[in-house]
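Trainee: Could we go through this structure together? I would like to learn how each label is earned.

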Amino acid sequence: MNQERILILVKPDGVNLGHIGEVITRLERKGYEIDALKVTRATKSQLHQHYAKLVDKPFFKEIETYMLEGKIVAMIASGTRVIEVFHRMAGATNPSEAAFGTIRGDLGREWPDGLLRNVVHSSDSVESAEREIKIWFPELS
């Protein structure tokens, strides 16, 4: 099996609630390597590139508002089947539906303003990971 790379974003709610270390700890406990990590703020340009397939959807403005709320932590991790495994570790997209024991199930919740805040993003395929890494880590291209 080949090594894969994945882009993981600890989103503004995860950063604001102090979950950066927990996300990193869970990743490292599985034996995956962190190859790059930075604290940053998303730009509208990055979000439009990252969520290119969703830009024309009616709910994109909510995603954009959420992702611009504050700092994010972007990281590249690598390891065998890291994409599949971290996706399972993250849990269901909606934190209220995510199983306990997953990042979203343990650390996420719904908020009264209705925006879907779900702690982390993780690439869903090798192709997506490589495309997303170029958006968030252009200095590594």
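Mentor: Gladly, and keep in mind that this is a predicted model. Let us start with Glu22 and Arg26, which both lie in helix H2 (residues 20-29), four residues apart, about one turn of the helix.

Trainee: What makes the contact between the side chains of Glu22 and Arg26 a salt bridge?

Mentor: The N to O distance for Glu22 and Arg26 is 2.7 Å. The cut-off is within 4 Å, between a side-chain nitrogen of Lys or Arg and a carboxyl oxygen of Asp or Glu, so the pair qualifies. In general, side chains of opposite charge can pair when their charged atoms come close.

Trainee: Why is Glu22 called partly exposed, and is Arg26 buried or exposed?

Mentor: Glu22 has a relative accessible area of 30%, which lies between the limits of 20% and 50%, so Glu22 is partly exposed. Arg26 has 14%, and buried means under 20%, so Arg26 is buried.

Trainee: Where do Lys38 and Glu139 lie in the chain?

Mentor: The side chains of Lys38 and Glu139 meet in a salt bridge, at 3.2 Å from N to O. This pair links distant parts of the chain: Lys38 is in strand S2 (residues 33-41) and Glu139 is in the segment after H7, 101 residues apart. Lys38 is partly exposed, because its relative accessible area of 22% falls between 20% and 50%.

Trainee: Which label fits Glu84, and which fits Arg88?

Mentor: Glu84, at 36%, sits between the two limits and is therefore partly exposed. Arg88 has 56%, and exposed means over 50%, so Arg88 is exposed. Salt bridges that share partners also join Glu22, Arg26 and Asp106 into one network.

Trainee: What do Glu84 and Arg88 form?

Mentor: Glu84 and Arg88 form a salt bridge, with their closest N and O atoms 3.1 Å apart. Both residues lie in helix H5, four residues apart, about one turn of the helix. By this rule the count comes to nine salt bridges.

Trainee: How do you know that Lys11 has no salt bridge?

Mentor: The nearest side chain of opposite charge, Asp13, is 6.8 Å away from Lys11. A salt bridge needs a distance within 4 Å, so Lys11 has none, although Lys11 is buried.

Trainee: What joins the side chains of Lys11 and Asn118?

Mentor: A polar contact of 2.7 Å joins them, and the limit for such a contact is within 3.5 Å, so the distance fits. Lys11 lies in the loop between strand S1 (3-10) and helix H1 (12-16). Beyond its neighbours within four places in sequence, Lys11 is in contact with several residues, including Tyr51, Tyr66 and His121.

Trainee: What volume does the largest pocket have?

Mentor: Its volume is about 700 Å³. Of the 27 residues that line the largest pocket, the closest to its centre are Lys11, His50, Tyr51, Leu54 and His121. Helix H4 gives the most to this lining, with four residues.

Trainee: Why are Glu64 and Ala90 called buried?

Mentor: Glu64 has a relative accessible area of 5%, under the 20% cut-off, so Glu64 is buried. Glu64 lies in helix H4 and touches Lys44, Leu47 and His48, not counting residues up to four places away in sequence. Ala90, found in helix H5, has 1%, which is also under 20%, so Ala90 is buried.

Conventions. Residues are numbered from 1 along each chain as its sequence is written. This is a predicted model: local features need pLDDT of at least 70, side-chain atom pairs count only at pLDDT 80 or more; totals for chains, interfaces and linings use all residues. Side-chain values use heavy atoms; hydrogens and water are left out. Helices (H or I, at least four residues) and strands (E, at least two) are DSSP runs, numbered from the N terminus. Buried means under 20% relative accessible area, exposed over 50%, partly exposed in between (1.4 Å probe, protein chains only). Lys and Arg count as positive and Asp and Glu as negative; His and the chain ends are not counted. A polar contact is a pair of N or O atoms within 3.5 Å; within protein, one must be able to donate a hydrogen and the other to accept it, and residues adjacent in sequence count only if both atoms are side-chain atoms. Contact means heavy atoms within 4.5 Å. On a 1 Å grid over the protein atoms alone, a cavity is a set of points where a 1.4 Å probe fits but cannot get out, and a pocket is an open set with protein on both sides within 12 Å along at least five of seven lines; lining residues have an atom within 4 Å of a point. Grid points are joined across faces, edges and corners, and a volume is the space filled by probe spheres set on the points.
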